[in-house]
Amino acid sequence: MSKRNLDEDMEAEVEGLEDSEEEKEEEEKEEDSDNENMEDDEEFDQETLEKISRLEAEIQENPYNYNPHTELISILRKGSDFTRLRECRERFAKLYPLSADLWIEWTQDEMKIASTEEDKMAVIQLFERGVKDYSSVDLWLEYCQFSIGGIGTPDGIATARSIYERSLTACGLHAGKGALLWESFRELESALLALQGTPSTPEQIKQHTAQKERIINLFKRQLRVPHLGIEDTFREYMDVAGTDSDANVLRDYEKAKEKLKLREDFEIRVSEKETSLDAYKEYIQFELKEKDPVRIQLVYERCITDHCLESDIWSEYLNYLDTTLGIDSVSLPVYERAVRNCPWEKNIWADYIRALERYEKDHSAVLKTFEESLLVGFTDPTAYLEVWLAYLDYTRRRTEFEKEETESMQELRIVFNRACEHLERMGGDPECEVLKYYANLEADQFRNMENARKLWTDILQVHQFKGSVWMECIQFEKIFGDKKHLRKRYERALEKTHDTPEIVAKSWLQFEREEGSLDAFEQCRKLIKIKMEKISAVRDKENRSKQEEDYQLNAKIEKKKEKDKQHRRDKRHQASSARKTTDQSESQPTQGFKMPASPASASKTVSAPPGFVPPKSVAPPPGYKGVEPPPGFKPSEGSEPPAKKARVEDTDEAKQLRTVFLSNLDFEVTENQIAEILGSSGSVREVRLVKHPNGKSRGFAFVEFETPEEAEGTLKRDNELINGRPIYISQCDPSKKKAPVFKYTTGLEKNKLFVKGLDQSITKEELSKLFAEYGELQDVRLVTYRNGHSKGLAFVEYKDEVNAAKALVKTDGMKVKDKEIQVALSNPPKRKEEGEPVQSQANVRSLGGTTQKDGFGPRGKGRSQVDFVPRSISVPAKPDPKLLAMKFVRPAGSKDQENGNGTGTGDGTGNGTSESSAAAEPKSNKDFRQMLLGSK
């Protein structure tokens, strides 16, 4: 027994020594790898090392960021650390399918260090992975040329020929580049023919003849395929075949040339990057009409190789494979490539799940694909619904429904519960489609109406005011329920429905006609009448409000039209006056009459010429407006007629109408930039950028358009960003004060939400996407500083109040970009009107909600607050309404009133007490609190 224990102890010691030796070897390997990394790091300068560290950090933070992967691989290729480079490429290939160029670079780098057979096999495996990602002629050509290195043995020759045949199957029909593969294959066979030398024996002659026949067969096969340079291929064939040329080859060659003519234009267009996608689509439609499956598949492969991110092309290709070919070994690999290239496309994932079911794959394969789709992270939450529905359909079809609950039925319930929880968490099922699906199965297949009604209760809590959802619930009760529950549903639906109560009322009335008693029918009519009266009152109010808005809008439009008409009349009057002036100036020399100088401006009196007889004073005809003076005439001060003054004022007003004022401009913005940016709103006549004496911009400008309509349209571009700053666009009105005008509605708006606590980096598009889930949006406005940076505030306006209320409940307290936002109904304070007295500084609350203490001036503590206005003319400030409760009325019968010396009044305008009485009866804090709050 002791000997056995001794043997066990010795074995344990030996194992411990072996373990320690293995640990030492591992430590030495780690040290060697660390030393190698240090040596490799020494190959790069400090700037490159910092860039490598930055790229590694970006990849660690977001592995799906494509560009850092490619940049890091490009930098590491310049070093000698192939292990680290290989790890980066493997990490990249797990996330994305690599392009053909990346695969070629990888295989070329691996070929440089491949010295053993294992290394060469690893290169072959890389080629196999690459050709599965994309059908690329260049990649297949590299693969074929690598295989030539093993033709020293019969097995190597067979392997090379097999790879070449696979490349011809994949890309041999490529009309543009396919000829490269054919030529390379012929060169291989020609090299093998040259290695045989001159045949001398019958066996060698036989081998020589067979090898030459292989080359000729390659020519024959290629001449059946339309490809660019087919004429050169035919000439080479004739040189090799000589007098033994086949007449059938000439016929195949002519047919291929005709096919090439039909496809040559497509081949030229798909080679141009600008029109490549559209050209591919036309090319695909052409091949679909030709009905050659191999060519159709090839054009699709070429298209997705050049446009791998176009999900529509992938969907069309997969649909063609499923409906036309229906071969799992062809379709499923394309599905796998499609979800790697376009993981955001929900329809491809759903079709992938259905394809696995169609081709009768294992449940584990379907479940794996479904789980992968949930891990993708769709940007649109409703995308999860499409994938869940596909998997629920699959699970339902494989469920065996029996009277007793089976294991598959339990599994179906588990899947439905999981789907409901996940979609509720992601917000992916706003219309409760999965819950409706689940409720129907509970009632129909599981025969459990209690669970089904609970599910419908959950649905109606979400859509309690929507008539269409209530009608679906009513229809559900008609099919699977009973009359008792159906009447309850009708009554509840009529009470809650706001949008279409008429449909509910009509359906309920028809049901009571068919199934109910007289009392039930009368009760139904009574409830319907009450409901419709309420609805009519609400709708009348809404119509009046809408009519008032329409009236105000029409009045504004009519006012604008009248203003435009007046502007056109003024322009016509000006043009008419200018024509009259021109005609008069042209007619004066022919009459020999020169207008005398104005008496006020002439230095001396000029006598009339000899024989001049002044004309008699004749009254002007009706409608005569006088004659304009000639150009250049300057009347004396005060001599200008009133009509002329009016026309000048009208001209200035017209100029103001077509001019807008721009402020908050970037100081680097030039007049040409402003004219170019605002030119999209109309023809810019002039841009006047206001500058300092040193020539630098002051940040505001005046822009004059050709018409007032163009200027009016430009006002809609207010807050548009130029050089990262929002520009403020307003009407040009020199008489307007500089005080800002609040353009939006004040007061409570039930369809508009006020959001605060937003992250500074959030954009308007992200905010719109967040709130659009709860209803149709009218407008979204981010509040920014003058430099364009966000204040963390926003206003979200919905089309109706119901959606706004729903969004308020759902989003208040929600975390957006790690920040908790606060949402409330918009209720901006009313702005002060002109002439309204400004509130006293003592009554204005600070931003923190406190009042300013005594002894603090408007600029801080210690500032003098001497009033320079004489008391005799100063106007006392209005008292704060909150302090009115502290004013007293002297009680009747007081001593001062009896003596007639009381200063209090019945309306509370006096101080209400004397100094002696105040001193005699001091007030406590409790007394002042009661007076201030009005409590008893």
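Modeller: Accessible areas here come from the Shrake-Rupley method with a 1.4 Å probe. The model is a predicted one.

Colleague: OK, how much area does the protein chain expose, and what share do carbon and sulfur atoms supply?

Modeller: About 60,500 Å² is exposed by the protein chain, and carbon and sulfur atoms supply 51% of that.

Colleague: And what percentage of the residues is buried?

Modeller: Of the 936 residues in the protein chain, 32% are buried.

Colleague: How many helices and strands are there?

Modeller: The protein chain has 34 helices and 14 strands.

Colleague: Now the contacts. Of those between residues at least 6 apart in sequence, what share joins residues at least 24 apart?

Modeller: That share is 56% in the protein chain.

Colleague: Switching to Lys496. Where is it found?

Modeller: Lys496 belongs to helix 24, which covers residues 483–496.

Colleague: Buried or exposed?

Modeller: Lys496 is buried, and it has no salt bridge.

Colleague: Which side chain of opposite charge is nearest to Lys496?

Modeller: That is Glu495, 5.2 Å away. A salt bridge needs the side-chain nitrogen within 4 Å of a carboxyl oxygen.

Colleague: Then what does Lys496 contact, leaving aside neighbours within four places in sequence?

Modeller: Gln464, Phe465 and Trp470 are in contact with Lys496.

Colleague: Different topic: which residues form a positive surface patch?

Modeller: Lys561, Lys565, Arg568 and Arg572 form one. Of these, Lys565 is found in helix 26, residues 518–591.

Colleague: Why does Lys565 count as partly exposed?

Modeller: Because its relative accessibility is 41%, and partly exposed lies between under 20% for buried and over 50% for exposed.

Methods: Residues are numbered from 1 along each chain as its sequence is written. This is a predicted model: local features need pLDDT of at least 70, side-chain atom pairs count only at pLDDT 80 or more; totals for chains, interfaces and linings use all residues. Side-chain values use heavy atoms; hydrogens and water are left out. Helices (H or I, at least four residues) and strands (E, at least two) are DSSP runs, numbered from the N terminus. Buried means under 20% relative accessible area, exposed over 50%, partly exposed in between (1.4 Å probe, protein chains only). Lys and Arg count as positive and Asp and Glu as negative; His and the chain ends are not counted. Contact means heavy atoms within 4.5 Å. Patches are made of residues with over 30% relative accessible area and no salt bridge: like charges are joined within 9 Å, nonpolar side chains (Val, Leu, Ile, Met, Phe, Trp, Tyr) within 5 Å. The place of a charge is taken as NZ of Lys, CZ of Arg, CG of Asp or CD of Glu.
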